[in-house]
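Reader: I have a few "how do you know" questions about this one. Can we go through them together?
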Amino acid sequence: MKISRICQPLAGTILVGAACLSCAKKEARKPYNILFIMTDDHTAQMMSCYDTRYMETPNLDRIARDGVRFTNSFVANSLSGPSRACMITGKHSCGNLFYDNTTCVFDNSQQTFPKLLRKAGYETAVIGKWHLESLPTGFDYWQIVPGQGEYYNPGFITMDNDTIVKQGYLTNIITDDAIDWMENGRDRDKPFCLLVHHKAIHRNWMADTTHLNLYEDRTIPVPETFYDDYEGRPAAAAQEMSIDKDMDLVYDLKLFGTGMDSRLMGSYMYNVDRMKPDERAAWDRFYGKIADDFMERGLSGKELAEWKFDRYMKDYMKVVHSLDNNVGRLLDYLEEKGLLDNTLVVYTSDQGFYMGEHGWFDKRFMYEESFRTPLIMRLPDGFTRRGDITEMVQNIDYAPTFLELAGADVPEDMHGVSLVPLLKGEKPEGWRESLYYHFYEYPAEHMVKRHYGVRNDRYKLIHFYNDIDCWELYDLENDPHELHNLYDDPAYSVQVAMMKDELRKLQEQYDDPARFSWHI
Ligand code: SGN
Ligand code: CA
């Protein structure tokens with residue numbers, strides 16, 4: 001898809017007539033800035049603009065209230081590195097060749113939207129989590145955390161490939177650095193595209209010590225599907241991401257000092273040993289009480305599983321709280337500096353997450369909670385669309401969106417589609433009716449089997465492959481929690497065939513070699 005400029009500069013020409021006057025007005029408009037905030041593992045269930053059951057996120061809600069909320073936003077591969085590669089290239093994993101977190105290094109010589117924006121005259125920067133293994137390219141400025149990053153007194157890799165340690169809590173530091181770059185670092189003669197990419201809310205959900213006491217008085221009911229038995233879904237049964245069985249009492253739930261053994265003790269110690277003495281004292285005081293209480297209770301069975309769920313939710317919420325505050329700081333900065341109305345502010349996550357649904361934490365599956373990702377935007381002047389956008393969108397769409405917004409061409413080989421027409425309130429004809437998904441990281445942590453699939457507004461078809469050959473079909477209208485696999489139900493043979501056709505079509509369209517490995 002090519003975007004052509006409607007208005008060419010007419011140097012030295014006297015403009016007469018309404019059409020030309022509006023043309024001249026458009027040319028006078030300053031190019032839009034882009035502030036792209038992305039978090040890690042932040043799921044829509046934990047944002048009050050999407051879901052009011054659990055917690056309040058007033059600053060994120062500000063973005064949605066003043067702008068738009070996508071209600072059908074998805075990723076292409078629900079894992080950090082791959083998701084970031086899809087986002088930055090506008091291509092599915094089969095197109096950018098970054099399939100998983102464990103074996104891949106991103107080929108940083110390939111085409112990405114920051115490189116194209118730079119060519120179009122933008123100043124580009126990324127601050128925070130990167131997770132693509134090779135160093136960032138296409139940025140005028142970058143400062144990234146190594147790998148997953150550390151919550152406390154974290155390391156950063158600088159542009160001269162040095163590792164430095166900064167003092168403080170990571171979510172605050174990333175925001176400080178982002179504001180500092182906007183204020184002092186950038187070339188003010190150019191529009192900017194700044195990627196603020198947080199480690200929060202990634203495992204093991206370590207809150208800022210100043211927020212430890214939040215949410216402690218809340219009673220949080222387990223979700224409806226917490227006790228899922230995975231009947232008819234062998235791949236779902238095979239995972240290792242159960243709150244009950246796999247969530248670690250020391251590393252994840254911070255029950256240190258109880259004499260309890262933990263496979264992840266080293267990881268826990270690595271993280272808490274980074275704290276300054278006052279931080280560590282506050283931490284140990286808070287979790288020490290919880291550990292004492294836990295030991296006294298002597299929980300087992302369902303009670304233990306629900307206790308773990310409750311602690312997980314509370315820790316996660318504390319980390320979100322900090323994130324929400326820091327998003328507020330960024331919005332305030334833009335407002336104070338008069339930049340807000342000329343900036344597209346995007347908030348999303350690298351994928352969704354399970355908050356106890358199916359009994360899980362983590363992501364990876366093409367089931368709704370982790371296939372979806374939150375997406376809200378505050379729109380700059382000239383974009384009047386507000387409220388919900390219900391079309392199916394995917395993280396491969398961000399790259400073409402930013403390019404179109406910048407007035408740059410969208411390369412033909414990008415798989416994604418610009419969201420700009422949706423942001424303008426148009427109802428573009430022929431909008432996609434189905435989405436493609438492919439997850440590759442197996443065998444690996446959490447043991448979610450490889451799978452690809454297709455989803456339309458009613459059905460979802462998934463094929464788990466590799467050391468399993470298992471198909472699943474869900475009727476999302478009648479079974480929104482995806483508990484009943486209809487694939488072998490003769491009453492659904494027509495839907496199975498229809499979805500297989502669609503899957504084949506998408507695998508051809510995106511040139512995914514997986515299309516050669518199965519037969520109808
Ligand atoms: C780490 C976590 C996993 C998580 C992956 C991927 N383990 O390995 O629980 O699934 O990251 O997450 S931990 O013991 O290191 O916390 S991703 O968001 O980066 O893809
Ligand atoms: Ca993630």
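Author: Sure, one term to begin with: buried means under 20% relative accessible area, exposed over 50% and partly exposed in between, using a 1.4 Å probe and protein chains only. By that cut-off Asp40 and Asp350 are both buried. This is a predicted model, where local features need pLDDT of at least 70, side-chain atom pairs count only at pLDDT 80 or more, and totals for chains, interfaces and linings use all residues. Residues are numbered from 1 along each chain as its sequence is written, chains are lettered from A and ligands numbered from 1 in the order in which they are written, and side-chain values use heavy atoms, with hydrogens and water left out.

Reader: What makes Asp40, Asp41, Asp350 and Gln351 the residues that coordinate the calcium ion (ligand 2)?

Author: Donors are N, O and S atoms within 2.8 Å of the metal, or 3.2 Å for Na, K and Ca; water is not among the atoms, so sites may look incomplete. Oxygens of these residues sit at 2.1 to 2.7 Å from the calcium ion, so they qualify under the 3.2 Å limit.

Reader: Why is the site of the calcium ion (ligand 2) called irregular?

Author: Six donors count as octahedral if opposite donors are over 155 degrees apart and all others between 65 and 115. Here the angles among the six donor atoms run from 52 to 169°, and 52 falls outside those ranges, so the site is irregular.

Reader: What makes the contact between Asp362 and ligand 1 a polar one?

Author: A polar contact is a pair of N or O atoms within 3.5 Å. A polar side-chain atom of Asp362 lies 2.7 Å from an oxygen atom of ligand 1. Glu445 also qualifies, with a side-chain N or O atom 2.6 Å from a ligand 1 oxygen, and Ser80 does so through a polar backbone atom at 2.8 Å.

Definitions and conventions:
Tetrahedral: all angles 85-135°; square planar, octahedral: opposite > 155°, others 65-115°. Polar contact = N/O pair within 3.5 Å; in protein donor to acceptor, adjacent residues only side chain to side chain.
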